[in-house]
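Good morning, colleagues. I would ask you to look at the sequence and the structure together while I speak.

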Amino acid sequence: ILLQNINVARCSERSITYHQSFKILAVKKYHEGVSVSQIFKEAGFDITLIGNDIPSVCIRRWRKTFKKDGESGFAKEARGGPGESEASNICLNRKN
């Protein structure tokens with residue numbers, strides 16, 4: 001299901017990797033006053049599927065990256081902490 005979303009680069013049972021362009025757009029929309037949940041809903045994500053807290057965790061992390069390094073900060077992937085997603089089996093239900 002998640003891989004059908006154009007904003008998802010890849011996913012596993014434990015994490016979702018979002019496209020760089022979505023991260024940048026999400027931070028910009030957030031700075032324009034759009035709510036975190038609205039950003040993810042407009043991007044085609046089912047919040048109940050990815051987890052209610054995931055969008056806030058992601059936006060918080062992406063804002064730090066954006067503040068520190070600007071758009072170029074999203075060119076490299078920074079992994080390590082919790083919060084990418086509790087994707088369990090939703091990634092496995094992809095369209096073949």
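The largest nonpolar core of this predicted model has 21 residues. Those with the most contacts inside this core are Tyr18, Phe22, Phe40, Phe45, Ile50 and Trp62. The elements that contribute two or more residues to it are β1, at residues 8–11, together with β2, α1, α2, α3 and α4. As a general point, nonpolar side chains tend to be buried together in soluble globular proteins.

Let me place that core in the chain as a whole. The protein has 4 helices and 2 strands, and from the N terminus on the order of elements is β-β-α-α-α-α. Of its 96 residues, 38% are buried. If one takes the contacts between residues at least 6 apart in sequence, 61% of them join residues at least 24 apart.

I turn now to helix α4. This helix runs over residues 54–69, which is 16 residues. From its first C-alpha to its last it reaches 22 Å, close to the 22 Å expected at 1.5 Å a residue. Which residues of α4 are buried? They are Ile54, Pro55, Cys58, Ile59 and Trp62. These residues cover an arc of only 115° around the axis, and they therefore lie on the same side of α4. The face turned away from that buried side carries the exposed residues Lys64, Lys67 and Lys68.

What do the buried residues of α4 pack against? Their partners are β2 (16–18), α1 (20–31), α2 (36–42) and α3 (47–50). Just after the helix, Gly70 takes a positive phi of about 70°.

Two residues of α4 deserve individual comment. Ile54 belongs to this helix, and because its relative accessibility is 2%, Ile54 counts as buried. Its C-alpha atom is separated by 9.8 Å from that of Phe40, a residue 14 places away along the chain.

The second is Trp62, also found in α4. Trp62 is buried, with a relative accessible area of 3%. Leaving aside neighbours within four places in sequence, Trp62 is in contact with Tyr18, Phe22, Lys23, Ala26, Val27, Phe40 and Phe74. I recall here that Tyr18, Phe22 and Phe40 are, like Trp62, among the residues with the most contacts inside the core. The C-alpha atoms of Trp62 and Gly73, 11 residues apart along the chain, are 9.0 Å apart.

Several of those contacts lead us to helix α1. The 12 residues of α1 should span 16 Å at 1.5 Å a residue, and its end C-alpha atoms are 17 Å apart, which agrees. Its buried residues are Phe22, Lys23, Ile24, Ala26 and Val27, and they pack against β2, α2 and α4. Just after α1, Gly33 takes a positive phi, here of about 100°.

How do the two helices meet? The axes of α1 and α4 come within 10 Å and cross at roughly 95°. The two helices are therefore roughly perpendicular to each other. On the α1 side, the residues involved are Phe22, Lys23, Ala26, Val27, Tyr30 and His31. On the α4 side, they are Ile59, Trp62, Arg63 and Phe66.

One member of that list invites a question: is Lys23 buried or exposed? This lysine, which lies in α1, has a relative accessible area of 12% and is buried, because the cut-off for that term is under 20%. By contrast, the lysines named earlier in α4, namely Lys64, Lys67 and Lys68, are exposed.

Which residues does Lys23 touch, not counting those up to four places away in sequence? Lys23 touches Tyr18, Trp62 and Phe74. Lys23 and Phe74 are 51 residues apart in sequence, and their C-alpha atoms are 7.5 Å apart in space. Phe74 is also in contact with Trp62.

To close, I return to the pair of residues at the crossing of α1 and α4. Trp62 of α4 and Lys23 of α1 are both among the residues through which these helices meet. Trp62 is buried at 3%, and Lys23 at 12%. Thank you for your attention.

Definitions and conventions: Residues numbered from 1 in each chain as written. Predicted model: local features only at pLDDT ≥ 70, side-chain atom pairs only at ≥ 80, totals over all residues. Heavy atoms only, no water. Expected span 1.5 Å × (residues − 1). Buried < 20%, exposed > 50% of the residue type's maximum accessible area, 1.4 Å probe, protein only. Arc of directions from axis to C-beta. Contact = heavy atoms within 4.5 Å. Core = buried A, V, L, I, M, F, W, Y, C linked by side-chain atoms within 4.5 Å. Axes fitted to C-alpha atoms, helices over the stretch in contact; angles between N-to-C directions. Parallel < 35°, antiparallel > 145°, perpendicular 65-115°, else oblique.
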